[in-house]
Amino acid sequence: LYLLVSIFLLFSFFLLLFFFFSLLFLFVYSYTPLPVALRRYFNTRHIMVNPQAEAFKQEGNVYYKAGSYKEAIESYTKAIEADPENSIYYGNRSMAYMQTREYDAALRDTLESARLAPGTPKTLVRLGKLYTSLGRFDEAISVFSEVSQLEAEGVPGIPATFKEDLFKAQDMATNFNRAVK
């Protein structure tokens, strides 16, 4: 019994040591503040890529680039049916919905993408744009403020246009409030 307890304690010690050095590696080599690195690490879903879903996504990307948004939506829908837990497929389909001006459908997909991968800057910017398009300016400004906070924390992957989108939402909110008065 003493031997088993000793082995367990030794194993636990090495496991903690490994975890500590992994965090140290994340912090030192990513040049990212530790809280940001930790949040990024724990928010990342380590998923296996479904080859069939990925093929549908690639097909959708080809249609999207060609301007065939309805076909892109169909392909992204097939990708989602094959792998409903992948936030990227919802994000791609929401972009195609935005191009066809189906903002309610785009909002549903963007919210699902945000649920599956919380705090993703690209998804948050898309959500802010959708709220702006739907006339929900306060929600748009709130989302863009969240993106500003991520930028201040040094989170990578923030679209360069988000400040323009924030300004647009603020400007539209001001004009709307003036028109209503």
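A residue is called buried when its relative accessible area is under 20%, exposed when that value is over 50%, and partly exposed in between. Keep these words in mind as we walk through the structure above, which is a predicted model.

Let us start with the overall picture. The protein contains nine helices and zero strands, and reading along the sequence gives the pattern α-α-α-α-α-α-α-α-α. Of its 181 residues, 32% count as buried.

Now find helix H3, which has 16 residues. From its first C-alpha to its last, H3 reaches 23 Å, close to the 22 Å expected at 1.5 Å a residue. Its residues Ala 53, Lys 57, Gly 60 and Asn 61 are buried. If you look down the axis of H3, these buried residues fall within an arc of 105°, so they line one face of the helix. What sits on the face of H3 turned away from its buried side? There you will find the exposed residues Pro 51, Gln 52, Val 62 and Ala 66.

Lys 57 deserves a second look. A charged residue may find a partner, since side chains of opposite charge can pair when their charged atoms come close. The partner of Lys 57 is Glu 54, and the closest N and O atoms of this salt bridge are 3.2 Å apart. Both residues belong to H3 (residues 51–66), where they are three residues apart, or separated by about one helical turn. There is a simple rule behind this: an α-helix has 3.6 residues a turn, so residues three or four places apart point the same way. The two partners fall into separate classes of exposure: Lys 57 counts as buried because its relative accessibility is 14%, under the 20% limit, while Glu 54, at 22%, counts as partly exposed.

How many salt bridges does the structure hold? The count comes to seven, and two more of them are worth visiting. In one, the side chains of Asp 109 and Arg 93 meet with 2.5 Å from N to O. This pair links distant parts of the chain, with Asp 109 in helix H6 (residues 103–116) and Arg 93 in helix H5 (residues 87–99), 16 residues apart. Both Asp 109 and Arg 93 are buried.

In another salt bridge, the side chains of Lys 129 and Asp 165 meet at 3.8 Å, N to O. Lys 129 lies in helix H7 (residues 121–133) and Asp 165 in helix H9, so the pair ties together parts that are 36 residues apart in sequence. Here Lys 129 is partly exposed, with 33% relative accessibility, whereas Asp 165 is buried at 14%.

Next come the aromatic rings. A search of the whole structure finds three aromatic pairs. One of them joins Phe 13 and Phe 14 in an edge-to-face arrangement, with 5.6 Å from centre to centre and 70° between the planes. Both rings belong to partly exposed residues: Phe 13 has a relative accessibility of 48%, and Phe 14 has 47%.

Another aromatic pair, formed by Phe 137 and Phe 176, is tilted, with 5.9 Å centre to centre and 55° between the planes. Why does this pair tie together parts that are 39 residues apart in sequence? It does so because Phe 137 lies in helix H8 (residues 137–152) and Phe 176 in helix H9 (residues 162–180). Phe 137 is buried, with a relative accessible area of 11%, but Phe 176 is partly exposed, at 46%.

Between H8 and H9 runs a loop, and Ile 158 lies in it. Is Ile 158 buried or exposed? At 19% relative accessibility, Ile 158 counts as buried, because the limit is 20%. The C-alpha atoms of Ile 158 and Lys 122 are separated by 6.2 Å, although these residues are 36 residues apart along the chain.

Finally, go back to the start of the chain and look at the surface. Leu 1, Val 5, Phe 8 and Leu 9 form a nonpolar patch there, with about 480 Å² of accessible area together. Leu 9, one of its members, has its place in helix H1 (residues 2–30). With a relative accessible area of 53%, Leu 9 is exposed.

Note on methods: Residues are numbered from 1 along each chain as its sequence is written. This is a predicted model: local features need pLDDT of at least 70, side-chain atom pairs count only at pLDDT 80 or more; totals for chains, interfaces and linings use all residues. Side-chain values use heavy atoms; hydrogens and water are left out. Rings of Phe, Tyr and Trp (its six-membered ring) pair if their centres lie within 6.5 Å; planes under 30 degrees apart count as stacked, over 60 as edge-to-face and the rest as tilted. Buried means under 20% relative accessible area, exposed over 50%, partly exposed in between (1.4 Å probe, protein chains only). Helices (H or I, at least four residues) and strands (E, at least two) are DSSP runs, numbered from the N terminus. A salt bridge is a side-chain nitrogen of Lys or Arg within 4 Å of a carboxyl oxygen of Asp or Glu. Patches are made of residues with over 30% relative accessible area and no salt bridge: like charges are joined within 9 Å, nonpolar side chains (Val, Leu, Ile, Met, Phe, Trp, Tyr) within 5 Å. Accessible areas come from the Shrake-Rupley method with a 1.4 Å probe; for residues, only the protein chains shown count as cover. The expected span of a helix is 1.5 Å times one less than its number of residues. The arc is that of the directions from the helix axis to the C-beta atoms.
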